[in-house]
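Please open the model in a viewer and keep the sequence panel visible. The tour below proposes one selection after another and states what is found at each stop.

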Amino acid sequence: MTVRVVAATWVLPGPDAPPVRGGAVALEGDVVVEVGPRAVVEARHGPAEARHAVILPALSNAHLHLELSHLSGKVPGGRGLVPWIEALLAQRTPGGSVEEGMARGAAALRAAGVAAVGEVTNGLGSGPHLAREGMAGTLFHEIYGFTEGRAAEAMRAAAGMRERAGDLGPGLRVAPSPHAVYSTHLGAAAELLGAGPASIHLAEVPEERRFTAEAAGPFAELVLRLGLEPGALRPFARSAVDAVAPWLGPETLVVHAVDLDDLDVAALRRSGATVVLCPRSNRHISGLLPDLPRLLAAGIPLAVGTDSLASSPSLSPLEELVVLRQAFPAVAPSRLLAMAWNGAAVGAPAVGRLAPGSAPGVLSAPLGAGAPEDPFAWLLEPGAARPVEWLARHRPEIPA
C-alpha cells in the first residue's frame, strides 16, 4: 500500500511526546508509519502534501448518554440534580425520536473528532449507531434498583438483554455498571464495580453526601417517592465516594467527582480509578464545577466527557475543555488536551496517541491566518470552535 505523507504547521503526537513545529505524519492507509519533523519523514517516505493546520490524534468522549440525544435542549437545569432527574423522567419517551436522536448524536461524535466513547446505556440501543460511525470503547450497561431485590431483578434482566444483543462490532464491549449510590443497591454496586470495567456517577452534587451520611435530603425524598419503604432508608457511608471506595479500581470510571473532601480525594488516588469530568453538564444542572487543580495535584488519572445532550449543548470533548480552560487558566492547555486523549480509560488504548504501527484516528484542524505559538492553547481558545477533518480512521482491530 502507498504511504501518504501529510505535513502540517504543527503535529501533536499525543500526551507523551512534545509537539512538532513543521512536522509530518506518514500513513499507510489508516496506520501511522512515522511521526516527526517534515524533513525526516519526507526523506524516508517521499514528498508530503502540506497543510496549514494542526494534526492531532482523534479524541475520546469518556462519558455520554447517546440514548438521551432526542432531549437536546428540553430539560431545564439550574435547580439541582434531583429536580433535573425528575424533569428528565417526565420527558423520556420511547419511539422513533429516540432512534433518530441516537443516529444524529453518533454522527455528531464523528464530526467532533471522537473515535472512542464511554457510553452509558439503559437498553444497549446506542450500540448499532456507535458501530455504524466506527466508534470504539465501552457501553456501560446501567443497573438500577435501590433495594436488594430490585437490583437483583435488574441484573438478571440486563444479562438477558446483553445476550440478545450479541456482538456489537469491532472495538466495542459491554460492561454492566451501577448508576449511582442513590439509585443502585450498595451490594449490587460492589459486585458490579469489583467485576471489572465499570462506570459510576459519583459525588456529582453535595446532596449525595447528605443522602449517604444522614439518609436525608432531596435524594432520600426521591427514593421514598419511588417506592422505598421508609424503614429501609438509613445512613450507610460518610460520603458517596466512601460508600464504594473499597471496590473502585484502575478499570473504574468515576464520573463527575465535584463534591470531594480530603478523604475522598485520598480514596480516589489510592483506587487508581479514572475521574471523568463533565463541566458543562455540571454547570447546567447545579452551577458547580469539579476542582480540577486539586485532582491534578493528587495525581488522579483524568478523562473528559460531555454527558448527554439533555444537559450539555454538544458532544464535543474539545468544547468541554474550553470551559475548564476558562475556569482554571493556570492549568496548561496541553494538560487539558491530554484528558481527551485517554482512550485507554474506555477500553480503546490506541486512541489518543500517534504511535507507529497503530491506527488511532488522525485529525487535522485547519488554521486561519498566521501560526499559533501554542497549538494546544489555539485548539482550546474560548469562543472559537475548531472544526476538524479526518485524515485517517481509528481501526480497533489493529493492536495499540
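Select β5 and β6: these two strands run parallel and are joined by 4 bridges. Strands here are DSSP runs of E with at least two residues, helices are runs of H or I with at least four, and both are numbered from the N terminus; two strands count as paired if DSSP finds at least two bridges between them. Within this pair, Asn61 stands opposite Val117 in β6. The model is a predicted one, in which local features need pLDDT of at least 70 and side-chain atom pairs count only at pLDDT 80 or more, while totals for chains, interfaces and linings use all residues. Residues are numbered from 1 along each chain as its sequence is written, and side-chain values use heavy atoms, with hydrogens and water left out.

Stay on β6, residues 114-121. Of its 8 residues, 8 are buried, so the strand is largely enclosed by the rest of the structure. Buried means under 20% relative accessible area, exposed over 50%, and partly exposed in between, with a 1.4 Å probe and protein chains only.

Next, add β7, residues 136-143. β6 and β7 pair in the parallel sense over 6 bridges, and Glu119 stands opposite Leu139 in β7. On to β8: its pairing with β7 is parallel as well, over 7 bridges, and Leu139 stands opposite Val174 in β8.

With the 4 strands selected together, the open sheet appears in the order β5-β6-β7-β8, with parallel pairing. Which strands stand at the edges? They are β5 (59-64) and β8 (172-178); each has a single partner strand, so one side of each is left without a neighbour in the sheet. Neighbouring strands of this sheet are turned by 15 degrees against each other on average, direction ignored.

Now display helix α5, residues 148-165, which lies across β7 and β8 and runs at about 145 degrees to β7. Axes are lines fitted to C-alpha atoms, for helices over the stretch in contact, and angles run from 0 to 180 degrees between N-to-C directions. Contact means heavy atoms within 4.5 Å.

From β8, move to His179, in the loop between β8 and α6 (186-194). His179 has a relative accessible area of 10% and is therefore buried. Leaving out residues up to four places away in sequence, His179 touches Glu142, Ile143, Tyr144, Thr184, Ile200 and His201.

His179 also leads to the largest pocket: of the 29 lining residues, Ile85, Leu89, Tyr144, His179 and Ser183 lie nearest its centre. On a 1 Å grid over the protein atoms alone, a pocket is an open set of points with protein on both sides within 12 Å along at least five of seven lines; a cavity is a set of points where a 1.4 Å probe fits but cannot get out; lining residues have an atom within 4 Å of a point. About 600 Å³ of space lies in this pocket, where grid points are joined across faces, edges and corners and a volume is the space filled by probe spheres set on the points. Colour α2 (81-91) and α8 (218-225), each of which supplies at least two residues of the lining; the largest share, 5 residues, comes from α2.

Turn next to the enclosed space. How many cavities of 30 Å³ or more are there? The count comes to 1, and the largest cavity holds about 40 Å³. Among its lining residues are Ala203, Glu208, Arg209, Ser239 and Asp264, and α7 (207-214) and α9 (240-244) each supply at least two.

For the nonpolar interior, select Leu56, Leu202, Val275, Leu292, Leu321, Leu337 and Met339, which touch the most other members of the largest nonpolar core, a set of 68 residues. Such a core consists of buried Ala, Val, Leu, Ile, Met, Phe, Trp, Tyr and Cys residues joined through side-chain atoms within 4.5 Å. A second, separate core of 23 residues includes Trp84, Tyr182, Ala215 and Val223.

Two loop residues close the tour. Leu367, between β13 (360-366) and α15 (375-379), is buried at a relative accessible area of 12%. The C-alpha atoms of Leu367 and Val54 are 7.0 Å apart, although 313 residues separate them along the chain. Ala195, in the loop between α6 and β9 (198-202), counts as exposed at 66% relative accessibility.
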